[in-house]
Amino acid sequence: MPDKDLTTLTIRRPDDWHLHLRDGNMLRAVLPETARHFGRAIIMPNLVPPVVTAEQASAYRDRIMAALPDGMQFEPLMTLYLTETTDPDDVRAAFENGIATAVKLYPAGATTNSASGVRDFEKVRSVLDTMAEIGMPLCVHGEVTDSNIDIFDREAVFIDKILKPLRKKVPDLKVVMEHVTTEDAVDYVRDNHKNLAATITTHHLIINRNHILAGGIKPHYYCLPVAKREAHRVALVQAAVSGDKRFFLGTDSAPHIDPNKLQTCGCAGIFTAPNTMSCLAEVFEAAGELKKLEAFASLNGPRFYGLPASEQTITLRKGDPLKYPTHIATEDGPVTVFDPGFDLHWHVEA
Ligand code: DOR
Ligand code: ZN
(Lines give C-alpha, C1' and ligand atoms only; values in the text may rest on other atoms or scores of the structure.)
(Ligands and ions follow the chains in the order given, each with its own letter.)
Protein backbone atom coordinates (compact mmCIF):
# COMPACT_ATOMS: atom_id res chain seq x y z
CA MET A 1 0.00 0.00 0.00
CA PRO A 2 1.41 3.46 -0.84
CA ASP A 3 2.39 5.39 2.27
CA LYS A 4 -0.28 8.00 1.60
CA ASP A 5 -3.06 5.44 2.05
CA LEU A 6 -1.84 4.03 5.35
CA THR A 7 -4.12 4.50 8.35
CA THR A 8 -2.22 2.35 10.81
CA LEU A 9 1.48 1.89 11.30
CA THR A 10 3.17 -0.49 13.74
CA ILE A 11 6.80 0.24 14.50
CA ARG A 12 9.36 -0.87 17.04
CA ARG A 13 9.04 1.11 20.24
CA PRO A 14 10.94 4.37 19.68
CA ASP A 15 13.81 5.81 21.71
CA ASP A 16 14.67 9.43 22.34
CA TRP A 17 18.38 10.09 21.82
CA HIS A 18 18.33 13.55 23.48
CA LEU A 19 16.02 14.34 26.39
CA HIS A 20 15.87 16.74 29.35
CA LEU A 21 14.09 15.26 32.36
CA ARG A 22 15.32 17.75 35.01
CA ASP A 23 14.91 16.71 38.66
CA GLY A 24 12.48 16.83 41.59
CA ASN A 25 8.93 18.02 40.89
CA MET A 26 9.62 18.60 37.20
CA LEU A 27 11.10 15.11 36.75
CA ARG A 28 8.05 13.50 38.35
CA ALA A 29 5.70 15.45 36.08
CA VAL A 30 7.48 15.01 32.73
CA LEU A 31 8.91 11.48 32.98
CA PRO A 32 5.57 9.70 32.31
CA GLU A 33 5.09 11.81 29.18
CA THR A 34 8.21 10.23 27.67
CA ALA A 35 7.88 6.74 29.21
CA ARG A 36 4.36 6.38 27.76
CA HIS A 37 5.75 6.02 24.21
CA PHE A 38 9.54 5.67 24.44
CA GLY A 39 11.57 2.71 25.67
CA ARG A 40 14.86 4.49 26.32
CA ALA A 41 16.29 7.98 26.25
CA ILE A 42 19.67 9.63 26.41
CA ILE A 43 19.35 11.85 29.48
CA MET A 44 20.94 15.28 29.38
CA PRO A 45 23.20 16.12 32.32
CA ASN A 46 22.66 19.91 32.51
CA LEU A 47 21.20 19.96 36.01
CA VAL A 48 22.26 22.53 38.57
CA PRO A 49 24.90 21.47 39.53
CA PRO A 50 25.66 19.40 36.41
CA VAL A 51 26.01 15.60 36.36
CA VAL A 52 29.78 15.34 35.95
CA THR A 53 30.95 12.16 37.66
CA ALA A 54 29.96 8.50 37.44
CA GLU A 55 28.72 8.72 41.02
CA GLN A 56 26.45 11.67 40.19
CA ALA A 57 25.12 9.93 37.08
CA SER A 58 24.34 6.80 39.07
CA ALA A 59 22.48 8.82 41.73
CA TYR A 60 20.53 10.71 39.05
CA ARG A 61 19.62 7.44 37.38
CA ASP A 62 18.26 6.19 40.71
CA ARG A 63 16.15 9.36 41.12
CA ILE A 64 14.73 8.87 37.62
CA MET A 65 13.81 5.25 38.30
CA ALA A 66 12.24 6.25 41.64
CA ALA A 67 10.09 8.83 39.80
CA LEU A 68 8.81 6.28 37.25
CA PRO A 69 5.15 5.47 37.96
CA ASP A 70 4.36 1.85 38.82
CA GLY A 71 3.67 -0.26 35.76
CA MET A 72 5.70 1.89 33.36
CA GLN A 73 8.90 0.65 31.74
CA PHE A 74 11.70 2.98 30.78
CA GLU A 75 15.47 2.83 30.58
CA PRO A 76 17.40 6.08 31.11
CA LEU A 77 20.75 6.10 29.31
CA MET A 78 22.90 8.45 31.33
CA THR A 79 25.43 11.02 30.12
CA LEU A 80 28.31 12.78 31.82
CA TYR A 81 28.71 16.53 31.47
CA LEU A 82 32.20 17.20 30.09
CA THR A 83 34.22 19.80 32.00
CA GLU A 84 37.84 20.83 31.69
CA THR A 85 38.56 18.88 34.88
CA THR A 86 36.72 15.66 33.95
CA ASP A 87 38.80 12.63 34.92
CA PRO A 88 39.35 10.20 32.01
CA ASP A 89 39.50 7.24 34.41
CA ASP A 90 36.10 8.13 35.88
CA VAL A 91 34.64 8.32 32.36
CA ARG A 92 36.15 4.97 31.45
CA ALA A 93 34.79 3.34 34.61
CA ALA A 94 31.32 4.88 34.08
CA PHE A 95 31.17 3.46 30.56
CA GLU A 96 32.62 0.06 31.36
CA ASN A 97 30.32 -0.38 34.38
CA GLY A 98 27.24 0.55 32.35
CA ILE A 99 26.54 3.72 34.34
CA ALA A 100 26.98 6.17 31.46
CA THR A 101 26.30 5.69 27.75
CA ALA A 102 27.80 8.92 26.41
CA VAL A 103 29.52 12.17 27.34
CA LYS A 104 27.93 15.55 26.63
CA LEU A 105 29.93 18.46 25.33
CA TYR A 106 28.53 21.94 25.90
CA PRO A 107 30.75 24.76 24.74
CA ALA A 108 30.80 27.01 27.85
CA GLY A 109 27.92 29.45 27.76
CA ALA A 110 26.16 27.91 24.75
CA THR A 111 22.82 27.26 26.45
CA THR A 112 20.86 26.55 29.64
CA ASN A 113 23.21 25.62 32.51
CA SER A 114 26.30 25.33 30.35
CA ALA A 115 28.61 27.58 32.37
CA SER A 116 30.79 24.60 33.40
CA GLY A 117 31.28 23.54 29.78
CA VAL A 118 34.44 23.50 27.69
CA ARG A 119 36.43 26.61 26.74
CA ASP A 120 39.79 25.10 25.82
CA PHE A 121 39.46 21.85 23.87
CA GLU A 122 43.09 20.86 24.53
CA LYS A 123 42.11 20.49 28.20
CA VAL A 124 39.66 17.68 27.38
CA ARG A 125 41.91 15.90 24.92
CA SER A 126 42.79 13.02 27.23
CA VAL A 127 39.09 12.38 27.92
CA LEU A 128 38.32 12.36 24.20
CA ASP A 129 41.23 9.99 23.51
CA THR A 130 39.94 7.63 26.20
CA MET A 131 36.43 7.74 24.76
CA ALA A 132 37.75 6.97 21.28
CA GLU A 133 39.64 4.00 22.69
CA ILE A 134 36.61 2.50 24.47
CA GLY A 135 34.01 3.43 21.82
CA MET A 136 32.02 5.85 23.98
CA PRO A 137 30.09 8.46 21.96
CA LEU A 138 30.41 12.21 22.44
CA CYS A 139 27.12 14.13 22.17
CA VAL A 140 27.86 17.63 20.95
CA HIS A 141 25.92 20.85 21.35
CA GLY A 142 27.29 22.30 18.13
CA GLU A 143 27.21 26.07 18.49
CA VAL A 144 30.06 28.51 18.96
CA THR A 145 29.54 30.93 21.81
CA ASP A 146 31.46 33.92 20.43
CA SER A 147 29.17 36.93 20.86
CA ASN A 148 30.49 38.35 17.57
CA ILE A 149 29.01 35.44 15.63
CA ASP A 150 25.40 35.89 14.58
CA ILE A 151 23.15 33.49 16.46
CA PHE A 152 21.79 32.09 13.18
CA ASP A 153 25.36 31.24 12.04
CA ARG A 154 26.63 29.63 15.22
CA GLU A 155 26.06 26.02 14.15
CA ALA A 156 27.71 26.40 10.75
CA VAL A 157 30.72 28.19 12.28
CA PHE A 158 31.01 25.48 14.95
CA ILE A 159 31.34 22.81 12.27
CA ASP A 160 34.20 24.65 10.55
CA LYS A 161 36.04 26.05 13.54
CA ILE A 162 35.58 23.37 16.20
CA LEU A 163 34.14 20.11 14.91
CA LYS A 164 36.29 19.57 11.84
CA PRO A 165 39.60 20.13 13.69
CA LEU A 166 38.41 18.06 16.66
CA ARG A 167 37.44 15.09 14.47
CA LYS A 168 40.76 15.34 12.67
CA LYS A 169 42.64 15.15 15.97
CA VAL A 170 40.54 12.28 17.35
CA PRO A 171 39.25 10.45 14.25
CA ASP A 172 38.18 7.34 16.14
CA LEU A 173 35.83 9.29 18.41
CA LYS A 174 32.14 8.57 17.78
CA VAL A 175 30.35 11.92 17.56
CA VAL A 176 26.65 12.72 17.62
CA MET A 177 25.90 16.23 16.39
CA GLU A 178 22.83 16.96 18.38
CA HIS A 179 19.69 18.81 17.36
CA VAL A 180 21.04 19.87 13.97
CA THR A 181 19.23 22.88 12.54
CA THR A 182 20.99 23.67 9.27
CA GLU A 183 21.51 22.32 5.79
CA ASP A 184 25.24 22.81 6.49
CA ALA A 185 25.07 20.26 9.32
CA VAL A 186 23.00 17.82 7.25
CA ASP A 187 25.55 18.02 4.42
CA TYR A 188 28.48 17.62 6.79
CA VAL A 189 27.01 14.48 8.34
CA ARG A 190 25.99 13.04 4.98
CA ASP A 191 29.49 13.59 3.52
CA ASN A 192 31.41 12.19 6.49
CA HIS A 193 30.60 8.56 6.97
CA LYS A 194 32.89 7.46 9.72
CA ASN A 195 31.93 7.80 13.38
CA LEU A 196 29.45 10.61 12.82
CA ALA A 197 25.68 10.87 13.19
CA ALA A 198 23.13 13.55 14.00
CA THR A 199 19.93 13.83 15.97
CA ILE A 200 17.03 15.94 14.77
CA THR A 201 14.31 17.29 17.05
CA THR A 202 10.58 17.14 16.44
CA HIS A 203 10.16 20.89 16.57
CA HIS A 204 12.96 21.69 14.12
CA LEU A 205 11.12 19.53 11.56
CA ILE A 206 8.05 21.74 11.99
CA ILE A 207 8.97 25.34 12.79
CA ASN A 208 11.23 27.86 11.14
CA ARG A 209 12.33 31.23 12.48
CA ASN A 210 9.18 32.94 11.25
CA HIS A 211 7.19 30.90 13.73
CA ILE A 212 9.20 32.49 16.52
CA LEU A 213 9.29 36.07 15.31
CA ALA A 214 6.65 36.92 12.69
CA GLY A 215 3.37 38.39 13.90
CA GLY A 216 4.50 38.71 17.52
CA ILE A 217 7.18 36.97 19.55
CA LYS A 218 6.38 33.36 20.54
CA PRO A 219 8.51 32.34 23.52
CA HIS A 220 7.26 28.75 23.41
CA TYR A 221 9.00 28.33 20.02
CA TYR A 222 12.31 29.63 21.35
CA CYS A 223 15.01 27.01 21.84
CA LEU A 224 18.71 26.54 21.19
CA PRO A 225 19.96 26.10 18.60
CA VAL A 226 17.32 28.56 17.42
CA ALA A 227 15.18 27.47 14.45
CA LYS A 228 16.59 28.74 11.13
CA ARG A 229 15.03 29.81 7.82
CA GLU A 230 12.63 27.55 5.90
CA ALA A 231 15.23 26.11 3.50
CA HIS A 232 17.05 24.63 6.49
CA ARG A 233 13.86 23.10 7.89
CA VAL A 234 13.23 21.47 4.52
CA ALA A 235 16.77 20.02 4.52
CA LEU A 236 16.15 18.57 7.98
CA VAL A 237 12.90 16.94 6.85
CA GLN A 238 14.64 15.44 3.83
CA ALA A 239 17.36 14.00 6.06
CA ALA A 240 14.88 12.62 8.59
CA VAL A 241 12.59 10.93 6.06
CA SER A 242 15.46 9.65 3.90
CA GLY A 243 16.05 6.57 6.03
CA ASP A 244 19.77 7.46 6.07
CA LYS A 245 21.13 5.59 9.10
CA ARG A 246 23.08 8.56 10.36
CA PHE A 247 20.00 10.63 11.24
CA PHE A 248 17.77 9.77 14.16
CA LEU A 249 15.35 11.25 16.65
CA GLY A 250 16.53 13.25 19.64
CA THR A 251 13.57 15.34 20.72
CA ASP A 252 15.50 17.75 22.96
CA SER A 253 12.19 18.00 24.82
CA ALA A 254 13.22 20.65 27.35
CA PRO A 255 10.54 21.61 29.88
CA HIS A 256 10.56 24.99 31.63
CA ILE A 257 7.67 26.29 33.72
CA ASP A 258 5.75 29.03 31.94
CA PRO A 259 6.90 31.84 34.26
CA ASN A 260 10.48 31.07 33.21
CA LYS A 261 9.59 31.13 29.51
CA LEU A 262 7.36 34.20 29.61
CA GLN A 263 9.63 36.88 30.97
CA THR A 264 11.98 39.62 29.81
CA CYS A 265 14.80 37.10 29.39
CA GLY A 266 13.01 33.81 28.80
CA CYS A 267 14.55 30.33 28.89
CA ALA A 268 15.32 28.31 25.76
CA GLY A 269 13.51 25.00 25.41
CA ILE A 270 10.45 23.41 23.82
CA PHE A 271 8.47 20.67 25.56
CA THR A 272 7.53 18.08 22.93
CA ALA A 273 7.47 14.84 24.91
CA PRO A 274 3.65 14.42 25.07
CA ASN A 275 2.87 14.74 21.36
CA THR A 276 6.16 13.98 19.61
CA MET A 277 5.17 10.71 17.93
CA SER A 278 1.91 12.20 16.61
CA CYS A 279 3.79 15.24 15.29
CA LEU A 280 6.40 13.06 13.58
CA ALA A 281 3.74 10.89 11.94
CA GLU A 282 2.25 14.05 10.40
CA VAL A 283 5.66 15.16 9.11
CA PHE A 284 6.53 11.77 7.63
CA GLU A 285 3.04 11.37 6.15
CA ALA A 286 3.20 14.80 4.52
CA ALA A 287 6.54 13.81 2.97
CA GLY A 288 5.00 10.56 1.66
CA GLU A 289 7.45 8.54 3.76
CA LEU A 290 5.46 7.27 6.71
CA LYS A 291 7.15 3.88 6.65
CA LYS A 292 10.55 5.53 7.21
CA LEU A 293 9.40 6.75 10.61
CA GLU A 294 10.56 3.49 12.16
CA ALA A 295 14.12 3.94 10.89
CA PHE A 296 14.26 7.50 12.24
CA ALA A 297 12.63 6.91 15.62
CA SER A 298 13.39 3.28 16.44
CA LEU A 299 16.24 1.76 14.40
CA ASN A 300 18.98 4.22 13.44
CA GLY A 301 19.68 5.43 16.98
CA PRO A 302 20.31 2.06 18.60
CA ARG A 303 22.37 1.06 15.57
CA PHE A 304 24.76 4.00 16.02
CA TYR A 305 24.97 3.44 19.78
CA GLY A 306 25.60 -0.29 19.30
CA LEU A 307 22.43 -1.29 21.17
CA PRO A 308 19.66 -3.66 20.10
CA ALA A 309 16.47 -2.15 18.67
CA SER A 310 13.46 -2.54 20.94
CA GLU A 311 11.62 -5.86 20.86
CA GLN A 312 8.37 -4.06 21.71
CA THR A 313 6.13 -2.18 19.28
CA ILE A 314 3.76 0.77 19.27
CA THR A 315 0.91 1.32 16.82
CA LEU A 316 -0.05 4.67 15.31
CA ARG A 317 -3.63 4.90 14.13
CA LYS A 318 -5.08 7.75 12.05
CA GLY A 319 -8.34 9.22 13.27
CA ASP A 320 -10.09 12.36 14.43
CA PRO A 321 -7.90 15.24 15.60
CA LEU A 322 -6.06 14.20 18.73
CA LYS A 323 -7.04 15.96 21.94
CA TYR A 324 -4.03 16.64 24.12
CA PRO A 325 -3.48 19.08 26.98
CA THR A 326 -2.05 22.50 26.18
CA HIS A 327 -0.16 22.35 29.49
CA ILE A 328 0.93 19.77 31.96
CA ALA A 329 0.85 20.63 35.65
CA THR A 330 3.91 20.35 37.87
CA GLU A 331 4.16 21.27 41.54
CA ASP A 332 6.36 24.16 40.42
CA GLY A 333 3.89 25.51 37.84
CA PRO A 334 2.52 24.71 34.38
CA VAL A 335 4.64 23.61 31.40
CA THR A 336 3.29 24.41 27.93
CA VAL A 337 3.14 21.53 25.45
CA PHE A 338 4.48 22.16 21.92
CA ASP A 339 1.79 23.41 19.54
CA PRO A 340 2.73 22.29 16.00
CA GLY A 341 0.19 24.70 14.51
CA PHE A 342 -1.87 21.98 12.81
CA ASP A 343 -4.19 19.18 13.88
CA LEU A 344 -2.63 15.86 14.82
CA HIS A 345 -4.49 12.84 13.49
CA TRP A 346 -2.19 10.04 14.55
CA HIS A 347 -3.07 8.41 17.86
CA VAL A 348 -0.42 6.31 19.60
CA GLU A 349 -1.30 2.95 21.10
CA ALA A 350 1.66 1.93 23.18
O1 DOR B 1 16.53 24.90 23.93
C2 DOR B 1 17.30 24.30 24.66
N3 DOR B 1 16.98 23.97 25.92
N4 DOR B 1 18.51 23.97 24.18
C5 DOR B 1 19.45 23.44 24.97
O6 DOR B 1 20.51 23.17 24.48
C7 DOR B 1 19.20 23.25 26.41
C8 DOR B 1 17.79 23.09 26.69
C9 DOR B 1 17.44 23.21 28.16
O10 DOR B 1 18.13 22.60 28.98
O11 DOR B 1 16.47 23.87 28.49
ZN1 ZN C 1 19.12 19.69 24.84
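This is a short walk through a structure, from a pair of helices to a ligand and then to some backbone details. Please keep in mind along the way that the model is a predicted one.

Let us begin with two helices. Helix α1 covers residues 24-35 and helix α2 covers residues 54-67. The two pack against each other with their axes 9 Å apart, at an angle of about 65°. If you look at the sense of the crossing, you will find that it is right-handed. On the α1 side, the residues that make the contact are L27, R28 and L31, and these meet R63, I64 and A67 of α2. Sorted by class, the residues of this contact comprise 4 nonpolar and 2 charged ones, with no polar residue among them.

Now turn to ligand 1. Its surroundings are made up of 13 residues, of which R22, N46, L224, H256 and A268 come nearest. The shell can also be read by class: 7 of its residues are polar, 4 are nonpolar and 2 are charged.

Which atoms of the protein lie 2.8 Å or 2.7 Å from an oxygen atom of ligand 1? For N46, a polar side-chain atom sits 2.8 Å from a ligand oxygen. For H256, a side-chain N or O atom is 2.7 Å from an oxygen atom of the ligand. The backbone takes part as well, since a polar backbone atom of G269 is 3.3 Å from an oxygen atom of ligand 1. How much of the ligand does the protein cover? On its own, ligand 1 has 290 Å² of accessible area, and the protein covers 99% of that.

L224 gives us a good bridge to the backbone. This residue, one of those that come nearest to ligand 1, is joined to P225 by a cis peptide bond with omega of about -5°. P225 itself lies in the loop that runs between α7 (209-213) and α8 (230-241). Another cis peptide bond leads from V48 to P49, with omega near -5°. You can find P49 in the loop between β3 (40-43) and α2, the helix that we met earlier in its packing with α1.

Finally, have a look at two residues with positive phi, neither of them a glycine. In N195, phi is near 60°, and this residue belongs to the loop between α6 (183-191) and β8 (196-200). In D252, phi is near 55°, and the place to look is the loop between β9 (247-249) and α9 (258-261). That loop brings us back to the ligand, as H256, with its side-chain atom 2.7 Å from a ligand oxygen, is worth viewing again here.

Methods
Residues numbered from 1 in each chain as written. Chains lettered and ligands numbered in written order. Predicted model: local features only at pLDDT ≥ 70, side-chain atom pairs only at ≥ 80, totals over all residues. Heavy atoms only, no water. Axes fitted to C-alpha atoms, helices over the stretch in contact; angles between N-to-C directions. Helix = DSSP H or I, 4+ residues; strand = E, 2+ residues; numbered from the N terminus. Left-handed = near helix turned anticlockwise from the far one by under 90°. Contact = heavy atoms within 4.5 Å. Nonpolar A, V, L, I, M, F, W, Y, C, P; charged D, E, K, R; others polar. Near = heavy atom within 4 Å. Polar contact = N/O pair within 3.5 Å; in protein donor to acceptor, adjacent residues only side chain to side chain. Areas by Shrake-Rupley, 256 points an atom, 1.4 Å probe, with all protein chains shown as cover.
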